[in-house]
Amino acid sequence: MPESLSLSEKKHDGEGVDIAIIDGYVDVEAAHRYVIDPAAEAKLVRKQDLRVLPMIFLMYFLTFLDRTNLGNAKVAGIETDLGLGQYGFNIGACLYYAIYFIADIPASLSVKKFGNMVLPMSCIAFGIVTLCTAFIHNQASFYVIRLLLGLAESFQFPGLSYVVSRFYRRSEVTTRVSFFMLGAAGLAGGFGGLLASGLLSLDAIGSVRSWRNIFLVEGIITIGAGIISLYLFPADPSQTRIFTDAERELAMARLVHDQPAIREHKENISWALIRRGVFNVNVLVGSWIYICDQITVQGLSIFTATILRLNYPGRSTVEIQLLSVPPPLVGMAFGLVVSYITMKTGRHGIAIAGCAMLNVIGYSIWLGSTNVQARYAAIFLNTAGGYSFGTLILGWTLANSAPDTIRNVANGAVSGLANIGSITATWSYINTDSGTGYRIGNSLNTATAASVIIASLLLVMYQKRENKKRAEGGRDYRLQAPLEQVATLGHLHPEFRYIH
């Protein structure tokens, strides 16, 4: 549970600045004056990387593992066993993302309001739902389970990204988001295929057999990890016990230094800030890019095994599962390298355009070639591109959103609206299109990847132009507003510079 802390005081060489931190309250004025020691800051960041990121990674790994298990169950016969018919599987997958779309922003705000312990509780909840999936027997129960799973998991991604933004500075966010997203997605994709192949090789676990084994075992693992996380998941940096008093002051000073003129490190939620968190250029363009990314990534997570079945009709179910393992692992490694280069260069838009180009090439191969080896190689290109630019746009949006409420809502809006793409993905590869080699899905992904190239470069142009205007004093008129309004300008503040 979030910890209550006593007054934290420390004298810093040269400046002698005290930052009072009592039960989550932070003296922001003192934090603005705090002189950050680079050596101490580097040490703190390393500690956060070792104590905070692993727990975030674990949560998202379990979330993504639960997403990939549906695709593995599909090739193992879930459609036939539940009597889902021609489109029942697609409807069930669609319902999951529909409820996710509705719940994302409220779920994200609940983490800000009630604390980080919402996330382990969410993990336990979706673990229970996954476990229950092993015992469903008809189409109606399949639909109910998918709705409940979407609701339980809706807290995870926006909440975890928000936690990252509370511990890391703007320039550090992209690599950390990429680590937990790519690491989790890549390992879950690879491990999920290996685990599924092993579980499908078993005759039965008690009275449970075939694809039900996947949900039974993964549900038990998720519940156990969620219970452990109740004790290990870190609270907000203003309260967590993993920091000493001096580290806590430094952690809060880092966040405050990134946001000009703020008077509270966690201002009250208001409708005005919520609206600004959704309706701004960075979030709207970022949402479109992430919608396109989810058409690709969720399509791959659900239908890679299905596409491989078309590519290799003579292979066994276990062989198909094993063939699905390498692409997400390669995508993970490629994405982490791209993320690191992006952090060093600060060129998010160009990196996103380059990754989207890989998708244009990969899906064009699926459209234009019948060569089995070429089509399998294209899966690696599509996975590498889709995995990479999705994490980059999320980090880019978080880095350019402030103050805290706007960052929280922007994060929820981008990931929430992206479920439009996820819903689209569930219908992009339908059984009736298998005869054409899934031309509809491949054409859609080619077109959306091309649009990402255009959107990302236009956003770079906008941000460069806005930074130039602010440097020339073109936005200084905003400082004439009352002080309480200036304090919540966030990314609109004349001194705020976009990272592009």
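User: Which helices do the buried residues of H7 pack against?

Analyst: In this predicted model, the buried residues of H7 pack against H3, helix H4 (78-82), helix H5 (88-114), helix H6 (118-133) and helix H8 (156-167). The H7 residues that count as buried are Phe142, Tyr143, Ile145, Arg146, Leu149, Gly150, Ala152 and Glu153.

User: How do you know that the span of helix H7 (residues 139-153) agrees with its number of residues?

Analyst: At 1.5 Å a residue, 15 residues should span 21 Å. The end C-alpha atoms of H7 are 21 Å apart, so the two values agree.

User: What makes Asn138 a cap of H7?

Analyst: A side-chain oxygen of Asn138 lies 3.3 Å from the backbone nitrogen of Ala140, at the N-terminal end of H7. The cut-off for a polar contact is 3.5 Å, and the 3.3 Å pair is counted as the cap.

User: What does the same check on span give for the 23 residues of H3?

Analyst: The expected span of H3 is 33 Å, and its end C-alpha atoms are 34 Å apart, which agrees.

User: Why is H3 called mostly covered?

Analyst: Buried means under 20% relative accessible area. In H3, 21 of the 23 residues are buried. After H3 comes Gly77, with a positive phi near 105 degrees. Most residues other than glycine have a negative phi.

User: Which residues have the most contacts inside the largest nonpolar core?

Analyst: Phe180 and Phe233 do, in a core of 122 residues. Helix H3 (residues 53-75) gives the largest share of this core, 13 residues. Leaving out residues up to four places away in sequence, Phe180 touches Ile56, Phe57, Tyr60, Phe157, Leu160, Ser161 and Val164. In soluble globular proteins, nonpolar side chains tend to be buried together.

User: Why is Ser178 called buried or exposed?

Analyst: Ser178 has 0% relative accessibility. The limit for buried is under 20%, so Ser178 counts as buried. Ser178 lies in helix H9 (residues 170-201).

User: What joins the side chains of Ser178 and Ser339?

Analyst: A polar contact of 3.0 Å joins them, and the cut-off for such a contact is 3.5 Å. Beyond four places in sequence, Ser178 touches Gly183, Leu336, Ser339 and Thr391.

User: How many disulfides does a search of the whole structure find?

Analyst: The search finds zero. Cys94 is in no disulfide, and the nearest cysteine sulfur to it, that of Cys292, is 17 Å away. For Cys292, the nearest cysteine sulfur is that of Cys355, 14 Å away, and Cys292 is in no disulfide either. A disulfide needs two cysteine sulfur atoms within 2.5 Å, so neither distance qualifies.

User: Are Cys94 and Cys292 buried or exposed?

Analyst: Cys94 has 17% relative accessibility and counts as buried. Cys292 has a relative accessible area of 1% and is buried. The limit is under 20%, so both values meet it.

User: What makes the peptide bond from Ala402 to Pro403 cis or trans?

Analyst: Its omega is near 0 degrees, and the bond is cis. Most peptide bonds are trans. Pro403 is placed in the loop between helix H17 (372-399) and helix H18 (404-417).

User: How do you know whether Ser401 is buried or exposed?

Analyst: The relative accessible area of Ser401 is 3%. That is under 20%, so Ser401 is buried. Ser401 is in the loop between H17 and H18. Its side chain reaches the backbone oxygen of Thr397 at 2.7 Å. Farther than four places along the sequence, Ser401 touches Ile406, Arg407, Ala410 and His491.

User: What is Leu273 in contact with, leaving aside neighbours within four places in sequence?

Analyst: Leu273 is in contact with Glu267, Asn268, Pro403, Thr405, Ile406 and Thr488. Leu273 is placed in helix H12 (residues 271-278) and has a relative accessible area of 5%, so it is buried.

User: Why is the chain called as compact as a globular protein of its length?

Analyst: The secondary structure of the chain comes to 21 helices and two strands. The radius of gyration is 23 Å, close to the 23 Å given by the globule rule for 500 residues, so the chain is as compact as a globular protein of that length. Buried residues make up 61% of the 500 residues.

Conventions:
Residues are numbered from 1 along each chain as its sequence is written. This is a predicted model: local features need pLDDT of at least 70, side-chain atom pairs count only at pLDDT 80 or more; totals for chains, interfaces and linings use all residues. Side-chain values use heavy atoms; hydrogens and water are left out. A nonpolar core is a set of buried Ala, Val, Leu, Ile, Met, Phe, Trp, Tyr and Cys residues joined through side-chain atoms within 4.5 Å. Buried means under 20% relative accessible area, exposed over 50%, partly exposed in between (1.4 Å probe, protein chains only). Helices (H or I, at least four residues) and strands (E, at least two) are DSSP runs, numbered from the N terminus. Contact means heavy atoms within 4.5 Å. A polar contact is a pair of N or O atoms within 3.5 Å; within protein, one must be able to donate a hydrogen and the other to accept it, and residues adjacent in sequence count only if both atoms are side-chain atoms. The expected span of a helix is 1.5 Å times one less than its number of residues. The radius of gyration is taken over C-alpha atoms; the globule rule is 2.2 Å times the number of residues to the power 0.38.
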